[in-house]
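Colleague: I'm new to reading protein models, and I'd like to learn how to go through one feature by feature. Could you walk me through this one?

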Amino acid sequence: MPHPTQVVALLKAQQIRHVRLYDADRGMLVALANTGIQVMVSVPNEQLLGIGQSNSTAANWVSHNVVAHYPATNITAICVGSEVFTAVPNAASVLVNSMKFIQSALVASNLDRQIKVSTPLSSSIILDSFPPSQAFFNKTWNPVLIPMLNFLQSTGSHLMLNIYPYYDYMQSNGVIPLDYALLKPLAPNKEAVDANTLVHYSNVFDAMIDAAYFAMDFLNFTSVPVMVTESGWPSKGDSNEPDATLDNANTYNSNLIRHVLNKTGTPKHPGIAVSTYIYELYNEDLKPGPVSEKNWGLFNANGEPVYILHLTGSGLVLANDTTNQTYCTAKQGADPKMLQAALDWACGPGKVDCSAMLQGEPCYQPDNVFAHATYAFNSYYNQMGKVPGSCDFNGVAAITTTNPSHGTCVFPGSTGRMNGTMVNITAPSMNSTSSAPSVRDLYNLCSTSFLVLSQSSNL
C-alpha cells in the first residue's frame, strides 16, 4: 500500500476533508497532522477485551493514540471496535464498558466535547428490516444494545451502521430488483411500500436507515441519529457474482453521492442528510476471499482511478469527477530500460519539451529515470489532450489523480498547488520500515464533505 504521505497527498488532491482510520496508526496520524482533515480513529477488535476490563488500559490508549496527536491532527471521533456482535461476539460483553472507559479518559483530558465515541454495527443485527416500520434489533443483543443506546444518547453520539445493498440484493434470491439496490430512479409503481405507514421506498439504502430508526423506536430511543459507516459496491467479482461490475459500482457510488449531498434524507426523516462512508478508497489485491473482496476501491494503490464517478451536474465534489484533472506517471516497478526508451522517444519523436529536466532546471531533481520519465509522460499526455491511449508507453505508464508536481517543479496541466499549498508526493521508499499501514479507505459524505476511512487488513 502507499506510504502515509502518499495517502494524504491523494486525500488533498481529491479535496477530502475527513478521514477515518480503523486503527490509530501513528504513521497515518503524523501524516495527517496540520492538514485540517478531520480524523476518526478506532480501537481494533483485538484490543477490546483489554480495554473493556481496565480503565487504566483505556486511559493509556487515549493518551498514546489521541492526546499525543491532538490538536495538530484533528481527531473528532473514536470508533470502539468494528461489527463486534458479528465479528467478535465474545467481546460483546465488554463493549459498552470499553466505550465508557474511553469516554472517561476523554473527559479526564477535557476532550469529550470535541471527540465522540461510538461503535460501527453490521446492519444484519436488524431483523425483519422490511417493512421498516416492523424492524427490530436481534433481541439476543438487547442486554448490550440498550445500555449502548443509553450511552450514545447521553453523550450526543451516533448509531454507526454498515449498510451494503449489494449483499442484500445478492442474498434476496431475486426479490430485490437490481435498480432498487443501485439507487436508480424508479417509477412509483416500482417502489416498495411499507404496508403499515403506506410510505414509498425507492431504494434499499433509505429503507435500511429507516429500519434502524424504527428498531431504536421499539426500544424507546428516539433521539440517536444514524451514521452509515460503510457502504459501497464491488467493481469485479467471481463467476457467481455477475453484478459486481465496473458499471454497477460506478452507478451505485455516484447515485449514493448525489443522494446524500441532495440532503433528501429518508422518508422517516426527510431533509436530514445521513453522513455516509463509501467503502473504500483503495482496492486490496492481496485480500483473501472471493474476487469481489479485493475490488471495492475507487482507486488502485498507485492512485489511478478504477473508474471515473458519474458526478457531472452535482458540483465539484471529487477531483476525479473530470479527466481534465488526471496526470500520467511512470508505473512503480517498471523496467528502467523500458522507461529510458520511452523517455527518449517522448523527448525525441514525441516532441515533448524536456528542457525543464536539464541540470540546474526545476525538474532535474530527483535525477533518476523514474522521475524524468514521469515528467515526460505527463507532458506528452497533456500535449495530446489527454486522449485515451496517450498514457501507455508500452505499458510502463499509468493515469493517476495525484498531482506529481514537487517543489518548484510544476508539471504541465497542473497549477502545482492543491488547496493553497505546494504538494510534494515524494515519500520514503515503499519498503521503508517506517509505519506504512495497510489501508482500507472509504469516502464519507457528510453534508458537502467527503470523508475517508482506513482499515487495517487484520480486520
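Colleague: Let's start with strand β1 (residues 18-21): which residues point one way and which the other way, and are they buried or exposed?

Modeller: Before we look, keep in mind that this is a predicted model. The general idea is that side chains in a regular strand alternate between the two faces of the sheet. Here, His-18 and Arg-20 point one way from β1, while Val-19 and Leu-21 point the other way. All of these residues are buried.

Colleague: Which strand does β1 pair with, and in what sense?

Modeller: The partner is strand β2 (residues 38-43), and the two pair in the parallel sense over 3 bridges. If you want a spot to click on, Arg-20 stands opposite Met-40 in β2. To get from β1 to β2, the chain passes through helix α2 (residues 26-31), and this β-α-β crossover is right-handed.

Colleague: Okay, let me try that on another strand. Which way do the residues of β12 (residues 276-279) point?

Modeller: Thr-276 and Ile-278 go one way, and Tyr-277 and Tyr-279 go the other. These β12 residues are all buried. Strand β11 (residues 226-231) runs parallel to β12 and is joined to it by 2 bridges. Look for Ser-231, whose bridge partner in β12 is Ile-278. The chain crosses from β11 to β12 through α11, again as a right-handed β-α-β crossover.

Colleague: How do I read the helix in that crossover? What span does α11 reach, and what is expected?

Modeller: Compare its end-to-end reach with what 1.5 Å a residue would give. Helix α11 (residues 246-261) has 16 residues and reaches 22 Å from its first C-alpha to its last, close to the expected 22 Å. Then check how covered it is: 12 of the 16 residues in α11 are buried. Among them are Asn-248, Tyr-252, Leu-256 and His-259. Just after α11 comes Lys-263, with a positive phi near 55°.

Colleague: And how many residues does helix α7 have?

Modeller: Helix α7 (residues 142-155) has 14 residues and reaches 19 Å, close to the 20 Å expected. Its buried residues include Val-144, Leu-145, Met-148 and Phe-151. The residue that follows α7 is Gly-156, and its phi is positive, near 70°.

Colleague: Now the empty spaces. How many cavities of 30 Å³ or more are there?

Modeller: The idea with a cavity is that a probe fits inside but cannot get out. A search of the whole structure finds 2 of 30 Å³ or more. The largest cavity holds about 50 Å³ of space. Its lining is made up of Phe-205, Asp-206, His-259, Val-260, Thr-264, Gly-265, Ala-273 and Val-274. You'll recognise a helix here, since α10 and α11 each supply at least two residues of that lining. By type, the lining divides into 4 nonpolar, 3 polar and 1 charged.

Colleague: What about pockets? How much space lies in the second largest pocket?

Modeller: A pocket, by contrast, is an open set. The second largest pocket has about 860 Å³ of space. It is lined by 39 residues, and the closest to its centre are Ser-123, Asn-162, Tyr-164, Tyr-167 and Asp-168.

Colleague: Which element gives the most to that lining?

Modeller: That's α10, with 3 residues. At least two residues each come from α5 (84-87), β6 (126-127), α8 (165-170) and α10 (204-218). Sorted by type, the lining of this second largest pocket has 19 nonpolar, 11 polar and 9 charged residues.

Definitions and conventions:
Residues numbered from 1 in each chain as written. Predicted model: local features only at pLDDT ≥ 70, side-chain atom pairs only at ≥ 80, totals over all residues. Heavy atoms only, no water. 1 Å grid on protein atoms, 1.4 Å probe; cavity = no way out; pocket = protein on both sides within 12 Å on 5 of 7 lines; lining within 4 Å. Points joined across faces, edges and corners; volume = space filled by probe spheres on them. Helix = DSSP H or I, 4+ residues; strand = E, 2+ residues; numbered from the N terminus. Nonpolar A, V, L, I, M, F, W, Y, C, P; charged D, E, K, R; others polar. Expected span 1.5 Å × (residues − 1). Buried < 20%, exposed > 50% of the residue type's maximum accessible area, 1.4 Å probe, protein only. Pairing = 2+ DSSP bridges. Right-handed = clockwise from strand over helix to strand, strands pointing away.
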